[in-house]
Amino acid sequence: MLEYFIRRLLGAIPTIFIIILVSFFLIRLAPGGPFDFDRSLAPEIQVNLNAKFHLDEPVYVQFGYYLKDILQGDFGPSFQYKNYTVTELIWQGFPVSVQLGLSAMVLALFIGCAAGMLAAYRQNSKFDYGVMTISMLGISIPNFVMAPLLILFFSITFSIFPAGGWNDGAFQNRILPIITLALPQVAYIARISRGSMIDVLRNPYIRTAFSKGLPTFYIVTRHALKPTLLPVISYLGPALAGIITGSVVVEQIYGIPGLGRYFVQGALNRDYTLVMGVVVFYGVFIIVLNLFVDLLYGWLDPQIRVQGQKT
Amino acid sequence: MSPLSKQILPLAFTCFYTLLISGSCVASEIFISATLTPAALAPEQTLRRGNGSEPQSLDPHKSEGVPSSNIQRDLYEGLISESPDGELVPGVAQSWTISKNGLRYLFMLRKDAKWSNGDAVTAYDFVYSWRRIVDPKTGSYYAQTLAPVLNTEAIIKGTKKVTALGIRAINKYQLEVTLKGPTPYFLGLLTHSSTYPVHRASVEKYGERFARVGNLVGNGAFVLKQWSIQSHILLERNKNYWDDKNTRLDKVYYYPIEDQSSELKRYRAGEIDITEGVPISQMPWLRKNLKQDLHLASYLGTYYFGYNLTKPPFKDNKLLRQALSMVIDRRVLTEKILKTGELPAYSWVPPNVANYKQIEYEWKDWPMSRRVKYAKALFKKAGYNQATPLTVQIRYNTSENHKKIAIVIASMWKKNLGVKTELYNEEWKVFLANRKSKKDTQVFRAGWIADYNDAFSFAELMHSNHGVNDSGYNNPDYDALLAKSAREPDISKRRRLLQRAEKMLLDDYPVIPVYFYRSKHLVKPYIGGYKDNSMDHHYSKHLYIKAH
């Protein structure tokens, strides 16, 4: 197990190197630089700034400097937010994104699985059709439409929750963003778990359990739950990564200080070090998350575990 | 005019000005004490302001952009400050004298001005700070703000040492500034955030990190209490501020909200008291439902289109440039498209600039039919007609507003002159890079907001050496007029020189002025002390929350 874990981690190194290489050159290919503003800098000052950040040297030399720095765990100073280093910015934004993403995912997992499994159990009932219709809506309404609707209803019309802001992570400020992030996930998870449950319920061992007269609740939780969750778990890895890294729109609308905003702002401002820092950080994060999901998968499905041990 | 009156006039002006300043100062104090009985104030004096985007830095010498300046006005104080309606009032400098030739300023600093840690604010602080901003090592975007000060340009170029800067502390409370030419707007320039002093001991101790919570020592009415990046910045009242007795607010929050629709929602939900902007698309709704809260004010800024004068078809083709400018019906643009009270622009300098009256195109009041007829003839003379039609490209940075305007202008060109226009929207930095390289760009969108209330802030933009002259306008006569105006101590003579320059510029048609900006904010009715002003500067120290 440990050997497998380490092997996977080592295997990720070339992937991360390629991510760094590609994004380093891509962002520099974009026209304009971090010090280009409407108001031009005095040429002499521009020269000084370029020298300070090594921007006056060939790109491959800059790449060398960058590699050297990140090997020492230094993402460098931000070009845009001059009083902060990229590492500081990441550690300010990432916990916020993770908290929101995880909360939304846990919420989605509970509601989605419960709704999906119940729909499967009562297949083709009104409840089933209801869940499927609502989940279709949940998938098709983009969050930049959903968020303003929620704000209009809950904040402006009824003043229940704040319309935005983070307020140092106050509970009421989290509700709407979490709901916005969770809704499409609820829909996906409901659909996946419904399909999976229907398959599982057709298995001979479930039929045997029913014929033995076991209570339904017992059968579902004891025999059907684990195999039903397998496809949900494999969806969970990329979905969690997606919800944490891709909450840009939600962060923007609600004014949440998460990492996603740095990504967009960094790219727009040509804040090379910030964009690179976020890319590398996300790269590592997604790789680790996928690895974690694989391990979880092995725990849930004995077949995979056995195969894993053989190889 | 006799040489004697030449000398007396600026002096008389200065005396009058000082009188004006002290007068308005007294008036505002009377106003505050007369209107603010404790009952009129809300018990909780916390102001929440929308502030566009995250400030780059709170170091006044290393930041660029409006969001940073807004906060710095609360954290620091320069020699000169502003009243709620934008008049210049004494800041750290209690009074000043200006030499007869307008070159030497002697500032008497107030003795009760303190840094937030209790240290006295002295003339030495200003010497240190101004040397810091022009030092090329600092890498300041606004080093050129101090261009009127002796030797600034040589120091930026690295040919002179920072100690050569025309600023000197005579003693702790007397500061002498020497200019390279008489600069009537110099006092106004000193309200710009880049001229604010920084606390030397803190800068030397913390370096780049001095402008952070716990390290930042300022001399403004507020101190930095919390900086939660992309979430909010919290300021608290500075008990050591010399005029703290007149500060009403205890806390000020600044929220970075880039999206104006989100800002409006938070305003409507009662989470923000003053917005940084207003979404144009919501204007009709706002006029109907939040009319009282809506503050639209004239603002010293010009929205224009520039021609690339270094490439065909606009190089050496003034007639074509004039024809294209004449057929744009600015009134339709401002009244039917923008609908927020912007003024159509027929001059380069906006109206209401101090000591100035803008020069306008003589065809300004012609009926459109006459303008079009005239333009058609010019267009033909320029070498274009139906057989040899013109195709041009307009480039603008991605924005709904810019897009609308570009489309309408293209349709006016098409309708009146048969010009085929290709529209290119580009992401901001790409747009800037293209505009500045002058390779592919033919016509580009641009805007300019004055750094200080003077016609020169607009005039200098079209100087052949200026960094924002992206048209590549190069007229030695124009440059000479600007240089002459910079040496002219007489206000009215200087005005005439700048007017001649503006006339020359307009006649050369390097740009198409389209409209003059308006500042747009939503302000809750319970906010007191808020006044619209042409610089759109609103210091939190003037504001308070009325009981509501």
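Which residues does Trp413(B) touch, not counting residues up to four places away in sequence? I opened my notebook with that one, keeping in mind that this is a predicted model.

**Entry 1: the cores.** I found that Trp413(B) touches Leu324(B), Val327(B), Ile328(B), Val392(B), Ile394(B), Gly418(B), Val419(B), Thr421(B), Val443(B) and Ile512(B), leaving aside residues up to four places away in sequence. Trp413(B) is also listed with Phe107(B) and Trp130(B) as having the most contacts inside the largest nonpolar core, which has 124 residues. Helix α12 of chain B, residues 400-417, gives the largest share of this core, seven residues. I then noted a second, separate core of 101 residues, which includes Leu100(A) and Leu543(B).

**Entry 2: a pair across chains.** Next I looked up charges. Side chains of opposite charge can pair when their charged atoms come close. Glu427(B) and Arg270(A) form a salt bridge, with their closest N and O atoms 2.6 Å apart. This pair crosses between chains. Are its partners buried or exposed? Arg270(A) counts as buried because its relative accessible area is 3%, under the 20% cut-off. Glu427(B) is partly exposed, at 25%.

**Entry 3: a pair within chain B.** I also checked Lys531(B), which forms a salt bridge with Asp85(B), the closest N and O atoms being 3.9 Å apart. The two residues are 446 residues apart and link distant parts of the chain.

**Entry 4: the surface.** Last, I found a nonpolar patch on the surface, with Leu2(A), Phe5(A) and Leu9(A) among its residues. Helix α1(A) supplies the largest share of the patch, six residues. Leu9(A) sits in that helix and is partly exposed, at 36% relative accessibility.

Key
Residues numbered from 1 in each chain as written. Chains lettered and ligands numbered in written order. Predicted model: local features only at pLDDT ≥ 70, side-chain atom pairs only at ≥ 80, totals over all residues. Heavy atoms only, no water. Patch = residues over 30% accessible without salt bridge, like charges linked within 9 Å, V, L, I, M, F, W, Y side chains within 5 Å. Areas by Shrake-Rupley, 256 points an atom, 1.4 Å probe, with all protein chains shown as cover. Salt bridge = Lys/Arg side-chain N within 4 Å of Asp/Glu carboxyl O. Helix = DSSP H or I, 4+ residues; strand = E, 2+ residues; numbered from the N terminus. Buried < 20%, exposed > 50% of the residue type's maximum accessible area, 1.4 Å probe, protein only. Core = buried A, V, L, I, M, F, W, Y, C linked by side-chain atoms within 4.5 Å. Contact = heavy atoms within 4.5 Å.
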